[in-house]
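Student: Got a few minutes to go through a structure with me? I'd like to pick at some local details.
Tutor: Happy to, let's put it on the screen.

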Amino acid sequence: QDKGLDKKEVQNVLVEDARTGLDVETLKKAILNNLFYVQGKYPEIATRNDYYMALAYTVRDRLLQRWVASVKQYLEGKHRIVSYLSAEYLLGPHLGNNLVNLGIYKEAEQALHEMGLNLDWLIEKEIEPGLGNGGLGRLAACYMDSLATLEVPAIGYGIRYQFGIFEQDIRDGWQVEDTDNWLRRGNPWEIARREISYDIKLGGYVQHYMDRDGKFRTIWTPDLIVKGVAYDTPIVGYKVNTTNTLRLWKSEAPNSFDFQSFNSGDYSNAVNQKIICENISKVLYPNDETRSGKVLRLQQQYFFVSCSLQDMIGIHLRQGERIEDFQTTFAVQLNDTHPAVAIAEMMRLLVDEYDLEWVDAWRVTTRTFAYTNHTLLPEALEKWDMELFASVLPRHLEIIQEINRRFLDEVTVRVYGDQEKISSLSIIGEGPRRYIKMANLACAGSFAINGVAALHTELLKQTVLKDWYALSPEKFSNKTNGVTPRRWMVLSNPKLTELISSKIGENWIKHLDELKNLEKFADDPEFLQQWMDVKLEMKTQLAQRIVNRTNIKVDPESIFDIQVKRIHEYKRQHLNILHVITLYNRIKQNPEAEIVPRTFVFAGKAAPGYKQAKLIIKLINSVGEIVNKDPDVKGRLKVVFYPNYNVTNAQKIYPAADLSEQISTAGKEASGTGNMKLSLNGALTIGTLDGANVEIRECVGEENFFLFGLTAEEVENTKSDGYNPFHFYENNPNLKLALDQISNGYFSHLDDTIFKDLINSLLYDDQFMVLADYQSYVDCQDQVAEAFKDKVKWARMSILNVARMGKFSSDRSIREYCDEIWKVKSVPVTLNGTSSK
Ligand code: RUG
């Protein structure tokens with residue numbers, strides 16, 4: 001800006017450009033421009049992808065203008081910045097969402113229409129970045145949207161996996177995984193910042209010595225150095241200028257790495273090293289809710305955490321601040337324990353690289369980090385074998401041991417030597433092999449700890465983090481999850497959005513509480529009819545997709561009974577299928593039985609190594625094969641497994657749901673967010689008192705929620721009283737029949753071996769209380785069927801559900817994090833003198 005151009009000229013270049021206009025004419029010009037000058041094509045030879053790219057670049061230009069303005073504004077003042085550290089971001093396709101948030105969806109549609117093109121057709125061309133497994137990664141994406149919408153300065157840090165979550169295909173009823181090469185057509189939404197890169201050390205050994213000034217020094221000599229390169233994606237808020245950064249790190253070989261090998265002629269070793277480096281950000285681990293204990297996973301975690309902290313320290317110091325005041329520039333949120341090694345890395349950077357005394361470094365660290373726990377499942381709490389940890393991060397092991405030593409000194413006095421408490425709080429676990437407990441490291445190093453729904457936070461305090469709660473109750477709080485209404489309503493359900501806005505205006509999109517103004521229309525016959533019409537239209541559209549994808553024809557007038565989420569025993573898709581079999585048997589036993597027609601839609605991926613989950617998918621498909629074809633059923637029941645559940649498909653499924661299945665064993669689902677999206681789209685919930693279901697039910701009213709099953713407390717009591725699932729099997733003829741049919745091969749061409757493991761685990765173990773909850777579930781489903789017969793009453797309940805879902809916006813969650821944990825304020829970004837569209 002100082003190189004010969006005067007300020008006014010710069011302003012003109014930035015502002016008065018065809019790259020920034022938002023009207024239809026300018027958009028048309030810009031799309032053509034990009035088609036020529038970015039894609040190098042003209043209309044007659046342009047492909048659908050060329051047009052997609054041209055439009056994407058047109059949108060990106062407008063994002064960049066806001067992005068530059070945001071960065072400038074943040075750097076000019078002194079503002080605390082939120083740094084969200086997450087190993088996963090399940091963003092979903094960008095194009096439609098960015099058009100919504102820029103407020104130019106209609107204009108883009110019109111521009112394309114005038115060019116003889118169709119916006120949906122281009123939107124569908126985008127390959128979504130599936131850089132997450134499920135709820136946790138999707139939450140991070142919703143939070144990025146809300147942070148920008150609330151105009152909060154924020155950076156999301158993560159990993160730019162070359163391969164995201166696998167693509168699922170179903171063959172012969174089984175899940176088959178295929179690699180997700182999401183970058184194969186390029187990615188117009190990111191900017192490679194090759195100039196922003198950091199060296200990351202791995203492995204090797206540590207030496208200590210005393211320098212000339214008598215100060216202890218540490219040298220960590222790694223056996224591998226990897227370079228992390230920043231790839232930035234702009235995240236624009238809804239109808240505001242604020243555009244934050246999602247900075248994802250890609251691993252590469254450092255520039256100079258191969259010199260030695262190359263010089264000595266060992267070319268293949270040089271190439272090998274390059275492959276090892278690139279492997280770190282190669283692929284997302286496809287495990288949801290399970291830890292994997294693999295070296296590469298620890299390397300991934302450390303890699304992105306170290307790049308991110310070095311980046312933050314650089315930003316902080318460039319502002320002329322002292323390293324001791326780091327926490328005044330950044331509040332760093334740990335999304336689960338995946339980035340918890342950040343606590344040790346922060347200490348290493350401060351003590352080894354910036355020469356801080358241990359206590360000063362610890363003060364900075366413990367004022368910087370806050371930790372969100374997302375699970376109570378023991379298999380999801382990360383633990384690292386100490387030897388494995390030492391082989392990757394030898395210096396960090398020393399640091400963790402020192403943190404633990406000092407911490408336990410303090411604790412011992414606090415708990416007056418209670419050995420049980422001391423070992424529960426220790427960051428290092430003892431046993432045949434010693435291990436590091438990442439949740440304990442996160443708790444020790446953070447100033448705030450939160451759960452993700454009221455019940456979950458309570459259970460955390462009573463169970464897995466009980467001793468931590470006793471030690472530092474002031475650190476604990478609850479932050480119930482939320483979802484962004486921009487993607488999950490405005491973008492995915494435009495018809496419902498329009499109908500709602502026609503009654504209460506558009507303010508609800510940013511202030512979801514205002515949905516409550518819909519309540520007064522819940523008895524308005526015209527509105528009820530319009531509501532039902534929209535739902536039917538969405539169901540008809542989904543029916544079309546289902547037939548295209550699976551060849552199964554379904555009736556849009558039937559109940560769309562939907563369970564879409566990762567496949568896991570605790571989520572109990574098999575309980576749902578037992579209900580399907582029970583309805584089927586009622587028909588077989590009495591073909592004239594009155595059955596309210598239903599379409600059961602399942603979707604979700606199973607972790608590739610999770611045998612029971614994969615068996616559940618096979619079971620759903622096997623039952624579907626029999627039920628869908630049996631002439632006695634007369635099409636009244638249909639079972640669909642919709643393959644490759646991802647954000648793109650979720651956006652098509654939620655709007656069509658009548659019934660939302662939230663049937664996890666009470667106490668196991670930390671929160672759930674699909675439950676929120678479905679209810680917000682007008683589905684009624686059948687669910688247990690688990691996770692955020694509890695709060696959803698409180699909000700929508702118990703009369704508008706189908707509740708069944710044991711409570712979390714009853715689950716525990718039943719177990720401690722000696723739960724015997726076999727007893728339920730023997731004493732419930734319908735349940736027995738269903739389980740026997742699965743075992744004896746009725747649904748599997750008389751093969752009585754396939755489902756053996758699944759049935760045995762239900763009959764003799766049943767950790768997730770499927771059999772205990774079966775009857776209560778079936779009875780509750782009968783009430784659902786009864787209720788659905790009265791279409792108007794159902795629609796009224798659906799309206800009340802939506803009207804009362806205001807609490808579950810991620811804007812509300814983020815506001816709570818900002819006010820109560822991060823202590824950050826919004827910083828409106830101005831562009832051409834205004835702060836919003
Ligand atoms: O299973 C939980 C969900 O209940 C929750 O809604 C979501 C976001 O908070 O996180 C999910 N989760 C938990 N995913 N991975 C874990 C444990 O690593």
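Student: What follows α7, and what is its phi like?
Tutor: Right after α7 comes Glu151, and the phi of Glu151 is positive, near 60°. Helices here are DSSP runs of H or I with at least four residues, strands are E runs of at least two, and both are numbered from the N terminus. Bear in mind that this is a predicted model, where local features need pLDDT of at least 70 and side-chain atom pairs count only at pLDDT 80 or more, while totals for chains, interfaces and linings use all residues. Residues are numbered from 1 along each chain as its sequence is written, and side-chain values use heavy atoms, with hydrogens and water left out.

Student: Why does a positive phi get a mention?
Tutor: Most residues other than glycine have a negative phi. Glu151 is not a glycine, yet its phi is about 60°.

Student: Where is Glu151, and is it buried or exposed?
Tutor: Glu151 sits in the loop between α7 and β4. It counts as buried, because its relative accessibility is 14%. The cut-offs are under 20% relative accessible area for buried, over 50% for exposed and in between for partly exposed, using a 1.4 Å probe and protein chains only.

Student: And Val152, where is that?
Tutor: Val152 is in the loop between α7 and β4, and it is buried at a relative accessible area of 3%. In space, its C-alpha is 8.0 Å from that of Pro828, although the two positions lie 676 residues apart in sequence numbering.

Student: Back to the helix: what span should α7 have, and how far apart are its end C-alpha atoms?
Tutor: Helix α7 covers residues 135-149, so its 15 residues at 1.5 Å a residue should span 21 Å, and the end C-alpha atoms are indeed 21 Å apart. The expected span is 1.5 Å times one less than the number of residues.

Student: How many residues of α7 are buried?
Tutor: 14 of the 15, so the rest of the structure largely encloses α7.

Student: Changing topic: how many cavities of 30 Å³ or more are there?
Tutor: The count is seven. A cavity here is a set of points, on a 1 Å grid over the protein atoms alone, where a 1.4 Å probe fits but cannot get out. Points are joined across faces, edges and corners, and the volume is the space filled by probe spheres set on them.

Student: What is the volume of the second largest cavity, and what lines it?
Tutor: The second largest cavity has a volume of about 170 Å³. It is lined by 15 residues, with Asn97, Ala141, Asp145, Ile235 and Arg487 nearest its centre. The elements giving two or more residues to that lining are α4 (95-102), α7 and β10 (224-236). A lining residue has an atom within 4 Å of a point.

Student: Which element gives the largest share of that lining?
Tutor: That's α7 again, with four residues. By class, the lining has six nonpolar, six polar and three charged residues. For those classes, Ala, Val, Leu, Ile, Met, Phe, Trp, Tyr, Cys and Pro are nonpolar, Asp, Glu, Lys and Arg are charged, and the others, including Gly, are polar.

Student: Now the ligand. Which residues come nearest?
Tutor: Of the 16 residues around the ligand, the nearest are Glu289, His374, Asn481, Glu669 and Gly672. To be counted, a residue needs a heavy atom within 4 Å of the molecule.

Student: What lies 2.9 Å from an oxygen atom of the ligand?
Tutor: A polar side-chain atom of Asn481. On the backbone side, an N or O atom of Gly672 is 2.8 Å from a ligand oxygen, and a polar backbone atom of Ala670 is 3.3 Å from a ligand oxygen.

Student: What does the side chain of Ser671 contact?
Tutor: The Ser671 side chain makes a polar contact of 3.3 Å with the side chain of Asn481. A polar contact is a pair of N or O atoms within 3.5 Å; within protein, one must be able to donate a hydrogen and the other to accept it, and residues adjacent in sequence count only if both atoms are side-chain atoms. Ser671 is in the loop between β22 (659-662) and α26 (674-680), and it counts as buried at 3% relative accessibility.

Student: One last one: where is Asp355, and what is its phi?
Tutor: Asp355 is in the loop between α12 (342-353) and α13 (358-368). Its phi is positive, near 65°, in a residue other than glycine. At a relative accessible area of 35%, Asp355 is partly exposed.

Technical notes:
1 Å grid on protein atoms, 1.4 Å probe; cavity = no way out; pocket = protein on both sides within 12 Å on 5 of 7 lines; lining within 4 Å.
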